[in-house]
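This report walks through selected local features of a structure, from backbone geometry to helix packing and confidence. Please keep the sequence and the coordinates at hand while reading.

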Amino acid sequence: MTRNPYLWLIPILPLAGAAINGFLGKHSSKRAVTTIALVFPGIAFALAVWIALTFTSSAAPYSFELSHWIRSGNFSADFAFYLDQLSLVMLLVVTGVGFLIHIYSVGYMWDDPGYYRFFTYLNLFMFFMLTLILANNYLVMFIGWEGVGLASYLLIGFWFTKDSAASAGKKAFIVNRIGDFGFLIALFLLIQHFGSLDFTKVFAQVQPLGVENGGAGLLTAIGILLMVGACGKSAQIPLYVWLPDAMEGPTPVSALIHAATMVTAGVYMVARSHVIFERAPIALTVVAIIGTLTALFAATIGITQTDIKKVLAYSTISQLGYMFMACGVGAFSAGIFHLMTHAFFKGLLFLAAGSVIHAVGGEQDMRKMGGLRSYIPWTFLTMGIATLAIAGIPPLAGFWSKDEILWKAYQGSWVYWLIGVITAFITSFYMFRLLFMTFFGDYRGAQVDSHGHATHGHGDHGHGEPHESPMVMLVPLIILAVLSIFGGFVGYHNAFEHFLEPVFGTGAVADAAGEAASGGTEYILMGVSVLTALLGLVLAYVLYVSKPYLPEKIAVSLGSLYDAVLNKYYVDEIYAKVFVKPLVDGSTTILWQGVDRKVIDDSVNNAADGAQHVSDEVRHMQSGNLRSYAGWIAAGAALVIAYMIWQGVGQ
Amino acid sequence: MVPLSYYLVLSGILFACGVTGFLIKRNIITIFMSIELMLNGVNLSFVAFAAHWHVLAGQIFVFFVMVVAAAEATVGLAIIIAVYRTRETLNVDKVNLLKL
């Protein structure tokens, strides 16, 4: 079998699950909700695996048209799916990691009163994410793009009675809107100039166009606008601010949406549009610079954070920066490779963090953890593996993809490489800092005294000390840990790159030739990145295990620099001053008090008031006295006659 | 031959009497009669002009006015009787139910 006729079922199944749970979940038993919530994405995953097993590159890419949608003149956009190597990889990652996180959520959310609601949203998210991935044109992709934004909003604000969660959801939605604006304009440009949004049709028309060497042209504009969209969705500078706040959502959500899948949609979109980007060097440079800067910038913030999930959030932003850096130097397959391994280890990190939070009864502050190694050994083990993976210690997954990116970055420019290596060092440092603060030393938290204390609604276990999570949460952790260890081997001998070659073209082959020649350099660079990772480990060990009094001293001696990093470079404050406040003030004084109240309200009110006043005066003429009416008529008639006489009518 | 102006002056006096009566009287029947007076004042000027210019249209017009006046009197008197039966007064100032 080459073309799988059941491809369309993959997105539809989670949608069915969402619909059933959404409409019936409130009155169903938890068992029924769980069954629905797990079976539908589970079947989708099984289908994805089946499709992958029967996948032959000779049959790809192929489209699967579900139904017509828009037919207008020469323009058409259909509900159609598209499968090639790239979407296949994404398909497996999303359904696989997504399904594992669904399983984990059963344990994590079991005691939450919004249990059915949670799984409704989660399934809905899966539907939109799979639509985004499988779309065969930009418009269907945009549906998925907006849909995952909606699901993200709903899930960040899942505990909407908490003020911070509600506003975090709003922030994510609004910031994404800015990016979507760019994306939309890019789509309009595509329609205007290529008359289509189908990937195949657009790219077929772009292909013959030359590289825009001379300066910025149409493709550069489209590329940069697409990148604006990607910046919003994938939390890159300058639109990354929503992602740390998004940690208000339940931890499985952070793992699924804000680490493994949704935030990588921007990378996927840029990679999908590689034909455009390859012909727009300026746009590519923009992508690379944004990615590189974000990687470094977010990593430095990660050093000082004390909230376990915030550290991981900044780490996610930083790793996404890596992916964009890879795309920016034209190594799209390296970016997708890192996307995949990142989904494994970052999903695992978040789930393990959730397990830690679960264990200590809802506490997220790492300063109140410590010494959890002996209480929750399985969580420790899996989180340790994930930390090694993200730090880039061979032979774990992160090493392969990160090394691939750094090598490609080096071929692009040594500056990218240098910043990448520094970032790798910082990444390694803050990740081991997290690990050591959480699991080593002595337990610094109060004895968890059960009811009411936990902010996250799962504190009603009545536990006295940190306890290991149930099996339903541990199994996904272990599976992801295995993937984090071995997931990188698909990149061995550039196998992953060769798999994606039909999508990204033969640039990789040429590189491979160059690689053979400069194989020595690659090994040196590899050694350097491994060394920096180890250095980060050692530094973190010294600062947080052997000499735990040192960080305080360093923080004091750094003074304002430390404060700036601790306060996330005051970016939120600057945004609040520069964008939010003028907007709010302008809306309040000019639009609300000025235009709305003074102009619109007042004109309506004054018209009504004026009518009332005039009629109040005129009312007195209507005395109801018959003779006064007659008098008016007589007077009027006399007036008319007098006028006619004076004018001499009839003469 | 009485000159035209005599008729017109008489017509004007009759009309003015009607208007005055209409304005100052409160009894609804008197008001009604005043209206008839005004109509007849106008009728007089119609026939006077008709005779003066030897045009029959003026005289025919008078018949129309008389017919309309008769119809109006029928309806009006019926209303007056109805009003009197319910209100027991013919004073127009007291018939003010529609007044605000």
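In this predicted model, A:Y569 lies in the loop between α24 and α25 of chain A, where its phi is positive, at about 60°, although it is not a glycine. A:K568 is found in the loop between α24 (560–566) and α25 (571–618) of chain A, and A:K568, also not a glycine, has a positive phi of about 55°. As for exposure, A:Y569 has 13 C-beta neighbours inside 10 Å and therefore counts as partly exposed, while A:K568, with 19 such neighbours inside 10 Å, counts as partly exposed.

Two peptide bonds of chain A that lead into a proline are cis, and the table gives their geometry and the place of the proline.

| Peptide bond | Geometry | Place of the proline |
|---|---|---|
| A:I237 to A:P238 | cis, omega near 5° | A:P238, loop between α8 (218–233) and α9 (242–245) |
| A:P394 to A:P395 | cis, omega near 5° | A:P395, loop between α16 (377–391) and α17 |

Another proline, A:P61, sits in the loop between α2 (30–53) and β1 (62–72) of chain A. Leaving aside residues up to four places away in sequence, A:P61 touches A:Y82, A:L83 and A:D84; the C-alpha atoms of A:P61 and A:L83 are 5.5 Å apart, although 22 residues separate the two along the chain. Because 17 other C-beta atoms lie within 10 Å, A:P61 is partly exposed.

Helix packing can be followed in one pair, since the axes of α14 (residues 308–328) and α17 (residues 397–412), both of chain A, come within 9 Å and cross at roughly 40°, so that α14(A) and α17(A) are oblique to each other. The crossing of α14(A) and α17(A) is left-handed, and the contact is made by A:Y322, A:M325 and A:A326 from α14(A) together with A:K402, A:I405, A:K408 and A:A409 from α17(A). Of the residues in this contact, five are nonpolar, none is polar and two are charged.

Between the chains, seven residues of chain A are in contact with eight residues of chain B. On the side of chain A that touches chain B, three residues are nonpolar, three are polar and one is charged.

Finally, on confidence, chain A averages a pLDDT of 87, and 94% of the residues score at least 70. Over residues 449–463 of chain A, however, the pLDDT is below 50, and this stretch has 28 contacts in the model beyond near neighbours in sequence. Where pLDDT is low, predicted coordinates should not be read in detail.

Methods:
Residues are numbered from 1 along each chain as its sequence is written. Chains are lettered from A and ligands numbered from 1 in the order in which they are written. This is a predicted model: local features need pLDDT of at least 70, side-chain atom pairs count only at pLDDT 80 or more; totals for chains, interfaces and linings use all residues. Axes are lines fitted to C-alpha atoms, for helices over the stretch in contact, and angles run from 0 to 180 degrees between N-to-C directions. Helices (H or I, at least four residues) and strands (E, at least two) are DSSP runs, numbered from the N terminus. Angles under 35 degrees count as roughly parallel, over 145 as roughly antiparallel, 65 to 115 as roughly perpendicular and the rest as oblique. A crossing is left-handed if the near helix is turned anticlockwise from the far one by less than a right angle, and right-handed if clockwise. Two residues are in contact if their C-beta atoms, placed from the backbone, lie within 7 Å. Ala, Val, Leu, Ile, Met, Phe, Trp, Tyr, Cys and Pro count as nonpolar, Asp, Glu, Lys and Arg as charged, and the others, Gly among them, as polar. A residue is buried if 20 or more other C-beta atoms lie within 10 Å of its own, exposed if 12 or fewer, and partly exposed in between; C-beta atoms are placed from the backbone. pLDDT is the predictor's confidence in each residue, from 0 to 100.
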